[in-house]
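Good morning, and thank you for making the time. I would like to take you through one model, and I ask that you keep the sequence and the structure in view while I speak.

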Amino acid sequence: MSLFSIKSNGNLTCYGKRDYGKSYAMKKMIRYVSKYIPIFIYDIKHEYYGFPEIKDIRKVNFDVKKGAYRYRSRGTKEDFNLFCQIIYNAVIGNKKRRCIVVVDEVQKYVSTNAISKYKYFSDMVFMGRSYGLAVWCITQRPAKIDSSITSQSDVIISFKMDFRLDLDAVENYFDRDSVKNLNKWEFLVYESSKGVSKHGPL
Ligand SMILES: Nc1ncnc2c1ncn2[C@@H]1O[C@H](COP(=O)(O)OP(=O)(O)OP(=O)(O)O)[C@@H](O)[C@H]1O
Ligand SMILES: [Mg+2]
């Protein structure tokens, strides 16, 4: 099974230790899925080179039907809120629009129990699906993000992790030893409808 055959219209979360291949895998997935649906990346580490940059989120044309676009985070909560607010309002106000929002390093904003501080991000995570809006979140530390992000995901991807608290945070979905024993660039995929599958490097 290819990673790209997973259901792409729901929320997705991706975990794993530093340098084990999360961003690499997500970039590949973004390239593939953005042939069919527009993807807006909130680029916290300024690493999503190769995707056209959005200079002003207020001026984005949300009628595009495909393509991936990166917005370089300004590093503040206000900026993250504004990004989420503009996309959420643009998509829920128009049935013909749909999109995916990607947030890599999501723990920098939506840490444990912090989702209520981000009204529009929270609305995306909880209600986006009914409006054609999905959220993909990426983090090294599942124990350090708001647990709603994981619980609202249809697809969960895990690269290797070995820290006890992170393994605790994902034990509903993955067997601890399977996560600990992954080699570099290998990953597990949990799909709510199908269970867990293991994948080699992309
Ligand atoms: N499947 C792969 N094949 C070849 N190179 C890969 C693969 N996966 C990752 N890499 C390379 O390994 C390095 C680390 O990958 P990546 O940046 O995706 O890690 P990460 O999990 O996002 O780390 P961090 O938590 O620090 O963001 C990068 O240089 C990337 O190009
Ligand atoms: Mg990364």
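**Strand pairing, helix 1 and the loops**

Let me begin with a single pair of residues: F40 stands opposite V101 in strand 4. That pair belongs to the pairing of strand 2 with strand 4, which run parallel and are joined by 4 bridges; two strands are said to pair if DSSP finds at least two bridges between them.

A word on conventions. This is a predicted model, in which local features need pLDDT of at least 70 and side-chain atom pairs count only at pLDDT 80 or more, while totals for chains, interfaces and linings use all residues. Residues are numbered from 1 along each chain as its sequence is written, and chains are lettered from A and ligands numbered from 1 in the order in which they are written.

The protein chain holds 6 helices and 8 strands. These are DSSP runs numbered from the N terminus, with H or I and at least four residues for a helix, and E and at least two for a strand. Read from the N terminus, the order of elements is β-α-β-β-α-β-α-β-α-β-α-α-β-β.

As to overall dimensions, the C-alpha trace spans about 45 × 35 × 30 Å along its principal axes. The radius of gyration of the protein chain is 16 Å, which agrees with the value near 17 Å for a compact globule of 202 residues; this radius is taken over C-alpha atoms, and the globule rule is 2.2 Å times the number of residues to the power 0.38. Of the 202 residues, 42% are buried. I call a residue buried if 20 or more other C-beta atoms, placed from the backbone, lie within 10 Å of its own, exposed if 12 or fewer do, and partly exposed in between. Among contacts with a separation of 6 or more, 71% link residues 24 or more positions apart, a contact being two C-beta atoms, placed from the backbone, within 7 Å.

I return to strand 2, where 5 of its 5 residues are buried. I39, I41 and D43 point one way, and F40 and Y42 point the other. In a regular strand the side chains alternate between the two faces of the sheet. Strand 2 also pairs with strand 3 in the parallel sense, over 5 bridges, and there I41 stands opposite R70.

Strand 6, residues 155–158, is buried as well: V155 and I157 point one way, I156 and S158 the other. Strand 6 runs parallel to strand 1, with 4 bridges between them, and V155 is the bridge partner of L12. With strand 7 the sense is antiparallel, again over 4 bridges, and S158 stands opposite L188.

What covers helix 1? Its buried residues are K22, A25, M26, K27, M29, I30 and V33, and their cover includes strands 1, 2, 3, 4, 5 and 7. Helix 1 itself comprises residues 22–33 and reaches 16 Å from first C-alpha to last, close to the 16 Å expected at 1.5 Å times one less than its number of residues.

K22 also appears in the shell around ligand 1, together with G16, R18, D19, Y20, G21, S23, Y24, Q140, W185, P201 and L202. Membership requires a C-beta atom, placed from the backbone, within 6 Å of the ligand. The shell divides into 5 nonpolar, 4 polar and 3 charged residues.

W185, one of that shell, lies in the loop between helix 6 and strand 7. Its phi is near 75°, a positive value in a residue other than glycine, and W185 is partly exposed, with 18 other C-beta atoms within 10 Å. E105 likewise has a positive phi, of about 60°, and is not a glycine; E105 sits in the loop between strand 4 and helix 3.

Which residues does D146 touch? Leaving aside residues up to four places away in sequence, D146 touches V110, S111, T112, N113, A114 and I115. D146 is in the loop between strand 5 and helix 4 and counts as buried, with 24 C-beta neighbours inside 10 Å. D146 and V110 are 36 residues apart in sequence, yet their C-alpha atoms are 6.1 Å apart. By contrast, N113 is exposed, with 11 other C-beta atoms within 10 Å. N113 is placed in the loop between strand 4 and helix 3.

Terms used: Ala, Val, Leu, Ile, Met, Phe, Trp, Tyr, Cys and Pro count as nonpolar, Asp, Glu, Lys and Arg as charged, and the others, Gly among them, as polar.
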